[in-house]
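Trainee: I've got a model open on my screen and I'd like to learn how to read it. Can you walk me through a few features?

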Amino acid sequence: MNIQVEKTHRKNQTEDKRKNTERMNNLRSSMELVPIWIQADTKIVYLDGDVLKVSLDLVPDAKRMKESLWVLEKGRDDIVCIRSFDDRYLRTEEDHTLGFVITKDHRCIFRISDALGQSLIRDRHGDYLTLADGKIVTSNDTPGKDQMFQVTPRQQV
């Protein structure tokens with residue numbers, strides 16, 4: 001009796017995993033991919049390890065140029081996923097910290113809205129991406145200068 005229940009349970013888990021994979025593949029195929037630059041306070045945002053930083057120079061060196069290449073995966077309405085140059089997705093955790101993950105999931109969903117010619121980027125908790133001490137973090141502050149980003153299509157290099 002227990003063997004049959006275990007087999008049924010494993011079969012259900014496999015089916016659920018297949019459905020989730022199929023759902024994510026459908027989401028990927030429905031998204032529009034847009035290569036972008038992200039700028040904060042006129043400086044280019046780049047990935048340094050697992051930390052989003054802002055370049056000190058307006059024209060970063062070759063390494064920083066590569067690390068500042070992003071792909072915006074547009075979904076329905078204002079929903080996007082942000083993919084880094086090394087194919088990792090920006091995500092927010094339950095404790096509202098930023099991180100990266102290889103496989104896209106619900107933690108990777110952001111919303112972008114326009115404000116005064118710049119963009120506000122909100123995570124799934126409703127917190128804004130914020131420039132703080134040269135790093136990008138999340139904050140539930142009222143939107144201001146530190147929450148304004150310029151998200152522009154990237155020129156082919």
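**The cavity and a strand beside it**

Mentor: Let's begin with the largest cavity, which is lined by Ile38, Val45, Leu52, Trp70, Ile82, Leu90, Leu129, Ile136 and Phe149. Keep in mind that this is a predicted model.

Trainee: How do you go looking for a cavity, and how many of 30 Å³ or more are there?

Mentor: The general idea is that rolling a probe the size of a water molecule over the atoms shows where empty space is left. Here the count is one cavity of 30 Å³ or more. The largest cavity has a volume of about 50 Å³.

Trainee: How does its lining divide into nonpolar, polar and charged residues?

Mentor: The split is nine nonpolar, no polar and no charged. One of the lining residues is Ile82, and that takes us to strand β5, residues 79-83.

Trainee: Is β5 mostly covered or mostly open?

Mentor: Mostly covered: five of its five residues are buried. As for directions, in a regular strand the side chains alternate between the two faces of the sheet. In β5, Ile79, Cys81 and Arg83 point one way, while Val80 and Ile82 point the other way.

Trainee: Which strands pair with β5, and in what sense?

Mentor: Strand β4, residues 70-74, pairs with β5 in the antiparallel sense over four bridges. Within that pairing, Leu72 stands opposite Ile82. β5 also pairs with strand β8, residues 110-115, again antiparallel, over two bridges. There, Arg111 of β8 is the bridge partner of Ile79.

Trainee: What joins β4 to β5?

Mentor: The two form a hairpin with four residues between them. Look at Asp77 in that turn: its phi is positive, about 55°.

Trainee: Back to Cys81, then. How many disulfides does the structure hold?

Mentor: Zero. To call a disulfide, you look for two cysteine sulfur atoms within 2.5 Å.

Trainee: Why is Cys81 not bonded to Cys108?

Mentor: Because the sulfur of Cys81 is 5.8 Å from that of Cys108, its closest cysteine sulfur, and that is too far for a bond. Seen from the other side, Cys108 is in no disulfide either, with Cys81 holding the nearest cysteine sulfur.

Trainee: Are these two cysteines buried or exposed?

Mentor: The cut-off for buried is under 20% relative accessible area. Cys81 has 1%, so it counts as buried. Cys108, at 0% relative accessibility, is buried as well.

Notes:
Residues are numbered from 1 along each chain as its sequence is written. This is a predicted model: local features need pLDDT of at least 70, side-chain atom pairs count only at pLDDT 80 or more; totals for chains, interfaces and linings use all residues. Side-chain values use heavy atoms; hydrogens and water are left out. Buried means under 20% relative accessible area, exposed over 50%, partly exposed in between (1.4 Å probe, protein chains only). Two strands pair if DSSP finds at least two bridges between them. On a 1 Å grid over the protein atoms alone, a cavity is a set of points where a 1.4 Å probe fits but cannot get out, and a pocket is an open set with protein on both sides within 12 Å along at least five of seven lines; lining residues have an atom within 4 Å of a point. Grid points are joined across faces, edges and corners, and a volume is the space filled by probe spheres set on the points. Ala, Val, Leu, Ile, Met, Phe, Trp, Tyr, Cys and Pro count as nonpolar, Asp, Glu, Lys and Arg as charged, and the others, Gly among them, as polar.
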